[in-house]
Amino acid sequence: MSVHLILGGARSGKSRYAESLVLAKTNHVNCHYVATAQAFDPEMQARILHHQQRRGEQWSEHECPLALAPLINRFTDSDMVLVDCLTLWMNNLIYDLGEGACDDAIQSEVTKLVDALVESPARIVLVSNEVGLGVVPLGEVTRLFVDHAGWMNQAIAAKADEVTFIAAGLPMKLKG
């Protein structure tokens with residue numbers, strides 16, 4: 001297992017840093033980009049297009065808004081995988097669960113993800129938003145999201161070999 005978690009706020013430079021890190025370590029061989037975003041509106045479509053254009057053709061792309069653990073289980077020791085981003089995956093999960101979005105259901109999926117990361121022979125870089133630096137949200141669903149995104153980041157950071165925090169495009173090593 002080789003897991004590197006990259007955390008930061010919105011527009012902090014997380015994705016660009018993660019992409020350059022993966023490409024520097026692989027010389028463009030077996031680079032997999034796992035995108036969790038879904039284009040629900042024109043603004044998100046534009047964001048996704050911008051990311052795709054910036055990445056170039058050296059990546060094998062995988063659109064994976066929900067079934068992240070099963071996809072991670074398919075990679076081998078010759079793969080370098082970038083998952084961008086875990087907080088969008090968490091959003092998709094809570095949305096998909098709908099009225100069934102409760103602590104147990106969400107935690108079950110996070111546990112499957114953490115187990116897949118620990119068992120995977122691939123080198124994996126994960127991008128996630130650090131949600132614990134803001135105010136406590138007013139709405140119940142938003143609090144559910146923030147709580148579980150924070151707990152997910154903690155669970156993955158505990159198992160990760162490396163954790164890096166990005167602020168203003170600058171990396172700060174937290175672990176490893």
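The crossing of helices H4 and H6 is right-handed. This is in a predicted model, so please hear everything that follows as coming from a prediction. The axes of H4 and H6 come within 10 Å and cross at roughly 135°. That angle makes H4 oblique to H6, since the label roughly antiparallel is kept for angles over 145 degrees.

Which residues make up this contact? On the H4 side they are Leu86, Thr87, Trp89, Met90, Asn91 and Ile94. On the H6 side they are Val141, Leu144, Phe145, His148, Ala149, Met152 and Ile156.

H6 has another helix beside it in my list, H5, which covers residues 103-119. The axes of H5 and H6 come within 10 Å and cross at roughly 25°. H5 and H6 are therefore roughly parallel to each other, because the cut-off for that term is under 35 degrees. H5 also passes H6 in a right-handed crossing. From H5, the contact uses Asp103, Ile106, Gln107, Val110, Leu113, Val114, Leu117 and Val118. From H6, it uses Leu144, His148, Met152, Ala155, Ile156 and Lys159.

Now the sheet. It is open, has seven strands, and its pairing is mixed. Reading across, the order is S3-S2-S4-S5-S1-S6-S7. Which strands stand at the edges? They are S3, residues 59-63, and S7, residues 170-175. Each has a single partner strand, so one side of each has no neighbour in the sheet. From one strand to the next, the twist averages 20°.

Next, how the helices sit on that sheet. Helix H4, residues 86-97, packs on it and touches S1, S4 and S5. The direction of H4 makes about 70° with that of S5. Helix H6, residues 140-159, packs on the sheet as well, touching S1, S5, S6 and S7. The direction of H6 makes about 140° with that of S1.

Some detail on the strand pairs. S4, residues 80-84, and S5, residues 123-129, run parallel and are joined by five bridges. In that pair, Leu82 stands opposite Val125 of S5. S1 pairs with S5 in the parallel sense over seven bridges, and the bridge partner of Val3 in S5 is Ile124. S1 also pairs with S6 in the parallel sense, over five bridges, with Leu5 opposite Val163 of S6.

Is S1 enclosed or open to the outside? Six of its seven residues are buried, so S1 is largely enclosed by the rest of the structure.

That leads to Asn153, a residue in helix H6. Asn153 has a relative accessible area of 4%, which means it is buried, as the cut-off is under 20%. Leaving aside residues up to four places away in sequence, Asn153 touches Leu5, Leu7, Ser128, Asn129 and Glu130.

Just after H6 comes the loop that leads to S6, and Asp161 is in that loop between H6 and S6. With 36% relative accessibility, Asp161 counts as partly exposed. Where does its side chain go? The side chain of Asp161 reaches the backbone nitrogen of Val3 at 2.8 Å. Along the chain, Asp161 and Val3 are 158 residues apart, yet their C-alpha atoms are separated by 5.5 Å. Val3 is the residue already mentioned as the bridge partner of Ile124.

Last, three backbone points. As background, most residues other than glycine have a negative phi, and most peptide bonds are trans.

The peptide bond from Asp84 to Cys85 is cis, with omega near 10°. Cys85 is in the loop between S4 and H4.

Arg11 is not a glycine, but it has a positive phi of about 60°. Arg11 lies in the loop between S1 and helix H1, which covers 14-26. It counts as exposed, at 61% relative accessibility.

Ala168, also not a glycine, has a positive phi of about 55°. Ala168 is found in the loop between S6 and S7, and with a relative accessible area of 73% it is exposed.

To go back to the start: H6 crosses H4 at roughly 135° and H5 at roughly 25°, and H6 packs on the sheet against S1, S5, S6 and S7.

Note on methods:
Residues are numbered from 1 along each chain as its sequence is written. This is a predicted model: local features need pLDDT of at least 70, side-chain atom pairs count only at pLDDT 80 or more; totals for chains, interfaces and linings use all residues. Side-chain values use heavy atoms; hydrogens and water are left out. Two strands pair if DSSP finds at least two bridges between them. Helices (H or I, at least four residues) and strands (E, at least two) are DSSP runs, numbered from the N terminus. Axes are lines fitted to C-alpha atoms, for helices over the stretch in contact, and angles run from 0 to 180 degrees between N-to-C directions. Contact means heavy atoms within 4.5 Å. Buried means under 20% relative accessible area, exposed over 50%, partly exposed in between (1.4 Å probe, protein chains only). A polar contact is a pair of N or O atoms within 3.5 Å; within protein, one must be able to donate a hydrogen and the other to accept it, and residues adjacent in sequence count only if both atoms are side-chain atoms. Angles under 35 degrees count as roughly parallel, over 145 as roughly antiparallel, 65 to 115 as roughly perpendicular and the rest as oblique. A crossing is left-handed if the near helix is turned anticlockwise from the far one by less than a right angle, and right-handed if clockwise.
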